[in-house]
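Q: I have a structure open and would like to go through it step by step. Could we begin with the charged side chains?

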Amino acid sequence: MTSLEYQPDQLAEPDDHWGTVFLSMRDASGQIPINYITHPGVYVTKACFSNGVYDDLPTQTCISDLFASQYRRLIIDLYWDNINRQFSLCPVELPPLVGNSTAGYSVDSSALSSITASTSFATPLPTTTVASNSTASLAPSVGKRQGSASSLSNFTSPISSTTASISGTPTTTSDVAIPTSTGATGGTLLKLGPYMCSLDLNIGSVISLYNDYFDHTSDTISARLHFLDINLHAAAPFTDPSSPAHTPMPGRLPGSDDLIGAQFEAALGKAIYTPQNLQDDRNDLNRSWFRDDYRVPTDANYFRTEETGENGIRSTPDGWPGETWILLTDSRRLLLSWDQIDPQMAQYDFLSESSTIFNATELFPTPHVALSESGEATAGCYYHSGDTTIAQVNASWAISTIGDINSNALSTLSQNLTACGFSPVMNVTLDGLSVQNNLLSYQDFAQSTVFGWAPGQPLNTTSANGKTDDDLRCAVLDATSQFQGRWRLETCQKSRRAACRIAGEPYAWRLSTFNVPYGAAPDACPDATSFDLPRTGLENTYLYRQILNDTTPRNDDSDGILSGVWINFNSLDQADCWVLGGPNATCPYSDFKEEEQQRQILIPTIAALIILILTVLTILVKCNQNRRNSRTRRRGDNGWEYEGIPS
C-alpha cells in the first residue's frame, strides 16, 4: 500500500476571502441537521482518472486539491481485486505479481497475449513476465514502492493450474510479457488494456489520505464534515481488461478484516459517524444532540417526528444531528455510505458493514429535478410558495448529479440547484482535464454552490494601513436584480426592515413593519417571530421570495425593501468572524485572528509545553536530591541531630 498524504497545490487552498466565506457558511448552518445542508460533490473517477492512469502522486494531488477546494462529498469507485484480495482503485485485477495468489487459478495465456499484441507504443515499454508454471522468483510486496519500471523486468508469478481458469481455456506453458511504464514518482505502472495502474494504489491509500487530511484540519476553524459514497465493483480480469468482471469465486470474497467499513474504522476510529452512532443518538436526545447547552443546538424544527417517553426521554425516529454538534461536540468527520453495487458483489458481507456504512436508500431518496440548457431548474425544485413546513418540503438528502453540460452554464446550474435545496454533484470531467490540470474550473464549481454571500462578499473591511471599518459589519439580503437574493455588507447604522422567522419554522418568514438600524432589529420583529438568518440555500430562497411578494404590488417603500433586509449575521465582535445571535453576539473563537494564524502549530506548541513542564519537573527533582545529599548533620549539645546548609 502507498500511504498518501494531504498535500494540495498551493493555489487550491482558500485565500483569506474564501476562507472567511466557507467558515461563515459552515457556522451559519451549524444548527441545521446534516441531511438538509447542501455541499458540492464530485465523482473521483471523472475528476482524477479520466485518462485511465491510476498513479500514486497524481491521485494524492487530485484528492488533496478537492479537499482544499471544499468538496465535501466524494463518490469513489472501489474494485475488488479477486487475485490479490484487496480493494483497488484500478478497474482491473493486477496480475499475481506479488506472490499472493492462491490455488484455484490458472491463466489463459492466449488471452493475455492479446493484451500485449493489441498494445502499441511509440517507444517500447519495459515488460514483466507472467509465467504460469513458475514459482521460483517472487516480486516484492505490493506495499513497497518500486524504484522504476525496469525493476519488474524479471518478475514471475506463481499461478496454480489445478482447478478454474480466469478466462478461456487454462494453459500452463507460455510466458507472456505485460507492458509497464514509470509513474510520476518512479513507481511502476502496468499497462492493462485501456488503463495504467500502480501496483499499490488501493483502499489503504485512500484511508491514509483522509487520515492525514483530518490531522491537518483538526482545529475548530478548519474542520469540515465529509461524506464518502462508495460504488462497489468487481475488478475485470487482467487477461481481458475490457470484458465484464467475473463474480468472485467462493472463498475469494473479502474477509472480515478486508471489508471496507472495517478498514476505515480500524484506521480512523471515532472520526467516523456510523449508523450505530445515529441510532444511539436518536434514542436519547437529552444525552446527545440537546445535551450541549453552550454550543449551537440542533434545530428540532427540522425533525419530522419527535417523541417523549415515560421518563421524559426525548427521541426521534428520523432526525439527524446538526453540523456543529457532530463536528465540534462529537468530533466526527466522516460518513460512509453505499451508492452503486455491482451484481457480481451481491454476496459481499453487507450485514457486517451495516453498523459502519449507511445504506444508499436511506441517504439518497432524491426526486428527479428537470434542468434547462441554461441551467434553470424547470421542475423538481423544493421551493413551493405557501408550503413552509418540513412535512410539506422534505428536502432530506436531496442530491442532484450533473452529467454532460455546457461549461458556461455550470455555475448557474449549481447556484440554482443549491437554491432549490439540492447538493450539486459533478459527474463530468471539466474541459476534459483532471483537477490538477484544470484546478480553477473545479474551484469555480465548488465556490458557485455557496448559497449566501454574493460574489466578492463579504468585503474586506480592513484597509491597507490595518484600520478596520467598524461600521461595515452587518449583512443584508439584497433582492434587487443585481444581487437576486444574495447577501452583502451594509452600514450597521442604516435603517432597514428585519427578516423575522415565524414560530421557528424553517421556511416561514415575514418582515418587520418598519425600518430600524441593525442594533434594533431583534426588537423590531412582531410577536411569535424572531430575528434570524437563512441557514440553507432553500431557506434563503423562501426569504427572498417573501421579500419579492411583500413588494408586489409596488409601493413607495418597495425599492428600499428590495435593496436590503437585515439578516441575523454580523461581525461586530471581531472583523471577519461572522456570527448569528444579534448585535451582542460574540465570536466563538477566543482570538479569531490569532487562532487563524496559529492553528497549524497548535498541537506542536502543546507538545512543546508538555516537554518543557516535564523537563522542569525533572530538574527540580534532581535539585532537591542534590540539596538533600549536600546537607550535613550536626549533633547538638543534648545529642539530637538537625539538618542544615553547610557553612
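Q: Is Asp27 buried or exposed?
A: In this predicted model, Asp27 has a relative accessible area of 14%. Buried means under 20%, so Asp27 counts as buried.

Q: Which residue does Asp27 form a salt bridge with?
A: Its partner is Arg26, and the closest N and O atoms are 3.0 Å apart. Arg26 is buried as well, because its relative accessibility is 5%.

Q: How many salt bridges are there by the rule used here?
A: The count comes to 14. Among them is one between the side chains of Arg72 and Glu323, with 2.3 Å from N to O.

Q: Where do Arg72 and Glu323 lie in the chain?
A: Arg72 is in the loop between helix 3 (56-68) and strand 3 (73-81), while Glu323 belongs to helix 8 (residues 323-329). The two are 251 residues apart, and the pair links distant parts of the chain. Both Arg72 and Glu323 are buried.

Q: What about Glu490 and Arg496?
A: Their side chains also meet in a salt bridge, at 2.7 Å from N to O. Glu490 and Arg496 are both buried.

Q: Which residues are joined into one network by salt bridges that share partners?
A: The network consists of Asp299, Arg501, Asp532, Arg535 and Glu539.

Q: Let us turn to empty space. How much of it lies in the largest cavity?
A: The largest cavity holds about 250 Å³. Its lining has 19 residues, and the closest to its centre are Met25, Arg26, Thr38, His39 and Arg72. Two of these names have come up already: Arg26 forms a salt bridge with Asp27, and Arg72 forms one with Glu323.

Q: What classes of residue make up that cavity lining?
A: The lining of the largest cavity has seven nonpolar, seven polar and five charged residues. Helix 1 gives the largest share of this lining, with three residues.

Q: How many cavities of 30 Å³ or more are there?
A: The structure holds eight of them.

Q: And the largest pocket, how much space lies in that?
A: About 670 Å³. The pocket is lined by 28 residues, and those nearest its centre are Gln415, Asn416, Ala419, Gln484 and Tyr544. Strand 14 (377-379), helix 11 (407-419) and helix 14 (537-550) are the elements that give two or more residues to the lining. By class, the lining of this pocket divides into 12 nonpolar, 13 polar and three charged residues.

Q: Helix 11 sounds worth a look. How far does it reach?
A: Helix 11 has 13 residues and spans 19 Å from its first C-alpha to its last, close to the expected 18 Å.

Q: Which residues of helix 11 are buried?
A: They are Ala409, Leu410, Leu413, Ser414, Asn416, Leu417 and Thr418. As background, an α-helix has 3.6 residues a turn, so residues three or four places apart point the same way.

Q: What comes just after helix 11?
A: Gly421 is found there, with a positive phi of about 100 degrees.

Q: Which residues have a positive phi although they are not glycine?
A: Arg85 is one of them, with a phi of about 55 degrees, and Asp576 is another, at about 70 degrees. In general, most residues other than glycine have a negative phi. Arg85 sits in the loop between strand 3 and strand 4 (86-88), and its relative accessibility of 26% makes it partly exposed. Asp576 is in the loop between strand 22 (565-570) and helix 16 (592-598), and at 15% relative accessibility it counts as buried.

Q: Where are there cis peptide bonds?
A: One joins Gln457 and Pro458, with omega at about -5 degrees. Another joins Thr552 and Pro553, with omega at about 0 degrees. Pro458 lies in the loop between helix 12 (439-448) and strand 17 (474-478), whereas Pro553 lies in the loop between helix 14 and helix 15 (558-562).

Q: A last topic: how many aromatic pairs does the structure hold?
A: There are 33. One of them is the edge-to-face pair of Tyr6 and Tyr213, at 4.9 Å centre to centre with 70 degrees between the planes. Tyr6 is in the segment before helix 1 (16-28) and Tyr213 is in helix 5 (residues 203-216), 207 residues apart. Both tyrosines, Tyr6 and Tyr213, are buried.

Q: Which aromatic cluster includes Tyr6 and Tyr213?
A: The cluster is formed by Tyr6, Phe67, Tyr210, Tyr213, Phe214 and Phe264.

Key. Residues numbered from 1 in each chain as written. Predicted model: local features only at pLDDT ≥ 70, side-chain atom pairs only at ≥ 80, totals over all residues. Heavy atoms only, no water. Salt bridge = Lys/Arg side-chain N within 4 Å of Asp/Glu carboxyl O. Buried < 20%, exposed > 50% of the residue type's maximum accessible area, 1.4 Å probe, protein only. Helix = DSSP H or I, 4+ residues; strand = E, 2+ residues; numbered from the N terminus. 1 Å grid on protein atoms, 1.4 Å probe; cavity = no way out; pocket = protein on both sides within 12 Å on 5 of 7 lines; lining within 4 Å. Points joined across faces, edges and corners; volume = space filled by probe spheres on them. Nonpolar A, V, L, I, M, F, W, Y, C, P; charged D, E, K, R; others polar. Expected span 1.5 Å × (residues − 1). Phe/Tyr/Trp six-rings, centres within 6.5 Å; stacked < 30°, edge-to-face > 60°.
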